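Me: I would be grateful for a close look at one part of this model, chain B, covering its domains, its strands and its contact with the neighbouring chain. Please treat these topics as one connected account.

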Amino acid sequence: MKSVSQLRKRTALIFLIPVTIVLLSSALYPLISTLYLSLTDAELENFLDPNYVGFINYLENYEGMWYGVLADSLFWNSVRNTIVFSVFSVSLEVILGISFALIMLIENKLKWFVRAAVLIPWAIPTIVSARMFEWMLQDQFGIFNYILIGMGIIEQGKAWTTDPQTSMIVIIIIDAWKTSPFVAILVYAGLKALPNEVLEAGKVDGTNGITQFYYIIFPLILPAIAVAIVFRGLDALRVFDLIYLINAGSKDIMSMTVYARREMFEYSHFGFGAAASTMLTLIIGVIAVIFIQRTRLHKLDEME
Amino acid sequence: MADININTVNKYFGDVHVIKDVSLDIKSQSFTVLVGPSGCGKSTMLRMIAGLEDINSGTISIDGQVVNDLPPKQRNIAMVFQSYALYPHMTVFDNMAFGLKLEKRSKDEINERVNEAARILQIEDYLQRKPKQLSGGQRQRVAIGRAITRKPKVFLFDEPLSNLDAALRVQMRVELAKLHNELEATMIYVTHDQTEAMTLADDIVVLDTGIVSQKGSPLELYDRPNNMFVGGFIGSPKMNFISSKILSKSSDATEVDIMGMSKISVSKMSASSSEGDSVTLGIRPEHLIVNGDADGSWESKVFVVEKLGDVTYLYLEKDGEPLVAETEGHSEIKVGDTVKVGFPAGRCQLFDSSGQAFK
């Protein structure tokens, strides 16, 4: 005779089997095979039967010279680009997202229009928004340059997306435009869940709009903001499509993913590309763990 | 001093007229209880005094100053909410200090006031805890503490005890009464619980669908309800209402019949009534005399017996008219017994067909 709790445990295990299989095959297998690939000399010719070469794809000293992903300044450049992109785009998205969420909260006849309008950029596929911005920022016929020239701010059109000084800024702005709605929705849900009586208690205690937001609303939606930052941060660190679409070859905006893709599929350096991918996974993993530890996100229940 | 004067106030939510021409004068340092069933507008009244709801017409003044357009913080009030509404991310200390902090008081003053409130409410040991770590009763104390520290002229309570269990509710009720004596502040208290109203109030205001049905001391309302609504609302179990007819009128009394079984002469008059009119006779369960002599009486079978120890309630019915009678705690009466119920004329109320009481 089995006790009820034993039976429950067994039921739980049975229910866990499908998801475990899916996770193992879809996440763990590619991860391990990439890791293995990164320790080989796989290229297009010997892809099916590569030789084990140890860590030379990562770092190797050959006749006094360093080789490998970790010795490639372009790789470190892509790491820096990725981090700069992530920090600035996520910060901008959080600020814009909170602002949009507060605007969405305003009760009037236009509220349905406002809520729908806020969501539109999020619904547009990246390829479309990237092309859209590319055209608007185009140096000869783009409306952006047309307006700036018309206002007398610049004399002739500037190629915003390819200019090394502005391309990173442009990409950050496009990403913020596109994904602020995601943050807005999360924060909006957080705002909607605020207990009304607590806000009223604040009014009786003497809060005005600013002190109410600073002392009551912001601390209470902080968990929602932290969740948004984690999601957006991990997304941003893996950014690929936007950068690839705007300018795949530029080292000024090349991200880690674009770098790894180029090594693998353009140069057919599968082993080397796999090493870059593994580094990418490691770097994102470390950043995620540090962030989650620092924000105590895993202890969200106790934050209240 | 903080008198509150409410003058012909109206409030609409969309098309719904929730407060209808209400006028009230609340004396400084009195404990006034707004009572009524759900949806009668009592919470709306309180929130209008607090400044959390706008008024559509009329004026509310506190201490002689019209406050219609003042935000809550300028009204010198504090409010205790039904859900306590503590700031979940702040400690008990910070919850109680928040209003003072916004007023930019000195640290010393804040410490002093919070500690004093904590001492009065016996929550000194919890000052560094978060609301989540407190029981319902403790949270309620913190909510009251938050109100006390600001030393407002007026305290507003919105059903503050309704989330507590029965034992704690009785205890907090006593403490609130003590607090009122200590603080000498004007208190307005909303509840649907007539026991809270009776025990706490200097004045009870009974609200019925947005109008003041009656205002008076607890015993005034108990002894001389203005209408059937107040008669039925105040007292537990409810006042019995029996359909009746006026048999005759004299200069100082009205004679009515009781279920065609007996007649009784009640010394209440209504100028507009005449012989043969349908009226309702009201009498409280505790005033009925079971198996004893009275001015009028009827007989009925007992359907249910509720023994509460100190008293016993008998549920009777005669020709579709239910009646509850109170008798002594150790009554021998059983279900199925027939009892004689006596009506003392001095305790009977008469209400005309529109529910208005005979005076």
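Reply: The account below goes from the whole chain to its domains, then to its strands, its backbone details and its contact with chain A.

The structure is a predicted model, and every value below is computed from it. Chain B has 359 residues, of which 41% count as buried. Along the principal axes, the C-alpha atoms of chain B fill a box of roughly 75 × 45 × 35 Å. The secondary structure of chain B amounts to eight helices and 20 strands. If one takes the contacts in chain B between residues at least 6 apart in sequence, 66% join residues at least 24 apart.

Chain B is divided into domain 1, residues 4-233, and domain 2, residues 240-351. A distance of 38 Å separates the C-alpha centres of domain 1 and domain 2 of chain B. Contact between the two involves four residues of domain 1 of chain B and five residues of domain 2 of chain B. On the side of domain 1 of chain B that touches domain 2 of chain B, two residues are nonpolar, two are polar and none is charged.

The loop between α8 (228-233) and β11 (240-249) of chain B contains B:P237. The peptide bond from B:S236 to B:P237 is cis, with omega near -5°.

After this loop comes a run of paired strands. β11(B) and β12(B) form a hairpin with four residues between them, and their antiparallel pairing extends over three bridges. Within this pairing, B:V256 of β12(B) is the bridge partner of B:I246. Strand β12 (residues 254-258) of chain B is also joined to strand β13 (residues 262-266) of chain B, by five bridges in the antiparallel sense. Here B:T254 has B:V266 of β13(B) as its bridge partner. The hairpin of β12(B) and β13(B) has three residues between the strands, and B:M259 in this hairpin takes a positive phi near 55°. The two faces of β12 of chain B are unlike in cover: B:T254, B:V256 and B:I258 make up the covered face, whereas B:E255 and B:D257 make up the uncovered one. Two residues of the covered face, B:T254 and B:V256, thus recur in the bridges named above.

Another set of strands in chain B forms an open sheet of six, in the order β6-β7-β8-β3-β9-β10, with mixed pairing. Its edge strands are β6 and β10 (211-216) of chain B, each of which pairs on one side only. From one strand to the next, the twist averages 15°. Within the sheet, strand β3 (residues 31-35) of chain B runs parallel to strand β8 (residues 186-191) of chain B, and five bridges join them. One of the bridge pairs sets B:L34 against B:V190 of β8(B).

The edge strand β6 leads on to a backbone detail. B:Y84 lies in the loop between β6 and α2 of chain B, and has a positive phi of about 75° although it is not a glycine. B:Y84 counts as buried because 24 C-beta neighbours lie inside 10 Å. A second residue with positive phi that is not a glycine is B:Q122, at about 55°. B:Q122 is found in the loop between α3 (107-121) and α4 (136-149) of chain B. With 11 C-beta neighbours inside 10 Å, B:Q122 counts as exposed.

The contact between the chains takes 19 residues from chain B and 15 residues from chain A. On the chain B side, β6 (77-80) and α2 (92-102) each supply at least two residues. By class, the residues of chain B on this side are 13 nonpolar, three polar and three charged.

Finally, the largest nonpolar core has 156 residues, of which A:V187 and B:L156 touch the most other members. Helix α6 (residues 167-192) of chain A gives the largest share of this core, 11 residues. Domain 1 (4-233) and domain 2 (240-351) of chain B both give residues to this core, and therefore it lies between them. On the chain A side, A:V187 is in contact with A:G97, A:I98, A:A101, A:I221, A:A224, A:I225 and A:A228, leaving aside its neighbours within four places in sequence.

Conventions. Residues are numbered from 1 along each chain as its sequence is written. Chains are lettered from A and ligands numbered from 1 in the order in which they are written. This is a predicted model: local features need pLDDT of at least 70, side-chain atom pairs count only at pLDDT 80 or more; totals for chains, interfaces and linings use all residues. Two residues are in contact if their C-beta atoms, placed from the backbone, lie within 7 Å. Ala, Val, Leu, Ile, Met, Phe, Trp, Tyr, Cys and Pro count as nonpolar, Asp, Glu, Lys and Arg as charged, and the others, Gly among them, as polar. A nonpolar core is a set of buried Ala, Val, Leu, Ile, Met, Phe, Trp, Tyr and Cys residues joined through C-beta atoms within 7 Å. A residue is buried if 20 or more other C-beta atoms lie within 10 Å of its own, exposed if 12 or fewer, and partly exposed in between; C-beta atoms are placed from the backbone. Domain bounds come from an automatic or database domain assignment. Two strands pair if DSSP finds at least two bridges between them. Axes are lines fitted to C-alpha atoms, for helices over the stretch in contact, and angles run from 0 to 180 degrees between N-to-C directions.
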